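Trainee: Could you take me through the salt bridges in this one, up close? I'd like to know which side chains pair up and where they sit in the fold.

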Amino acid sequence: MSMTHYMSLLASNQPWNLIIFMAIPVICAETLTISEFFIIFDRVKSGGLRTLNKVVGIFAGFYFTGIFFYLLFNAVIPLTTTNGWHTWVDVVAVGFYLSGVLFLLPIALMEIGVIFKNKTDEEKMKIHFMLVGGFLVVAHIAMIFGMVNPEIIDSMSVMPGMTN
């Protein structure tokens, strides 16, 4: 069975790639999500839970930005220049995975005070929640498309030059 580059990345170099590219970002996203619910429900502005949320948000944003640049230069650009993509589902899986940076990096930047400085605490909570939710959506889309066997899609490929 053929697999997308997304799944191939996670399956190779076990267990390290799975930990680096999947476990750490997902654990961070789940920690952010769960703590976010408590912060919003109880309107927490300080304390241990808020500190945990802030530290994880900063770490996740910069960690995933590192993943983004690593995969951009070591996977996306080489696959694109050599027509190495395994159909359009491969592009969708990797593209949605990497789009997670659009949600996690702003969380980190907001937490260190680079962006949204003039927003109220209420507005920041709303933005933070939407960014966490956005990351979860794109990560799940990446996982779903990443698990598709490109061979069943090959006959429907709409991108010329793609090979198995």
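Mentor: Sure. Let's start with Glu122 and Arg43, whose side chains meet in a salt bridge, with N to O at 3.3 Å. Keep in mind that we're looking at a predicted model. This pair ties together distant parts of the chain: Glu122 belongs to helix α6, which covers residues 121–146, while Arg43 is in the loop between α2 (16–42) and α3 (48–81). The two residues are 79 residues apart.

How covered up are these two partners? Glu122 has 44% relative accessibility, so it counts as partly exposed. Arg43 comes out at 45%, so it is partly exposed too.

Now for the other bridge, since the count comes to two salt bridges. Here the side chains of Arg50 and Glu111 do the pairing, with an N to O distance of 2.9 Å. Again the link is between distant parts of the chain: Arg50 lies in helix α3 and Glu111 in helix α5, which runs over residues 101–111, and they are 61 residues apart. So this bridge goes from helix to helix, whereas the Glu122 and Arg43 bridge goes from a helix to a loop.

Are the partners in this second pair buried or exposed? Arg50 has 21% relative accessibility, and because buried means under 20%, it counts as partly exposed. Glu111, on the other hand, is buried, at a relative accessible area of 8%.

Now zoom out a bit and see what these bridges sit in. The protein chain has seven helices and zero strands, so read from the N terminus, the order is simply α-α-α-α-α-α-α. The C-alpha trace spans about 55 × 30 × 25 Å along its principal axes. Of the 164 residues, 38% are buried, and Glu111 is one of the buried ones.

Links between distant parts of the chain show up in the contacts as well: among those with a separation of 6 or more, 78% are between residues 24 or more positions apart.

As for charge, there are 8 positive and 10 negative side chains, and the centres of the two sets lie 16 Å apart. The accessible surface comes to about 9000 Å², and carbon and sulfur atoms account for 71% of that.

To recap the close-up: Glu122 with Arg43 at 3.3 Å, and Arg50 with Glu111 at 2.9 Å.

How values were computed. Residues are numbered from 1 along each chain as its sequence is written. This is a predicted model: local features need pLDDT of at least 70, side-chain atom pairs count only at pLDDT 80 or more; totals for chains, interfaces and linings use all residues. Side-chain values use heavy atoms; hydrogens and water are left out. A salt bridge is a side-chain nitrogen of Lys or Arg within 4 Å of a carboxyl oxygen of Asp or Glu. Helices (H or I, at least four residues) and strands (E, at least two) are DSSP runs, numbered from the N terminus. Buried means under 20% relative accessible area, exposed over 50%, partly exposed in between (1.4 Å probe, protein chains only). Contact means heavy atoms within 4.5 Å. Accessible areas come from the Shrake-Rupley method with a 1.4 Å probe; for residues, only the protein chains shown count as cover. Lys and Arg count as positive and Asp and Glu as negative; His and the chain ends are not counted. The place of a charge is taken as NZ of Lys, CZ of Arg, CG of Asp or CD of Glu.
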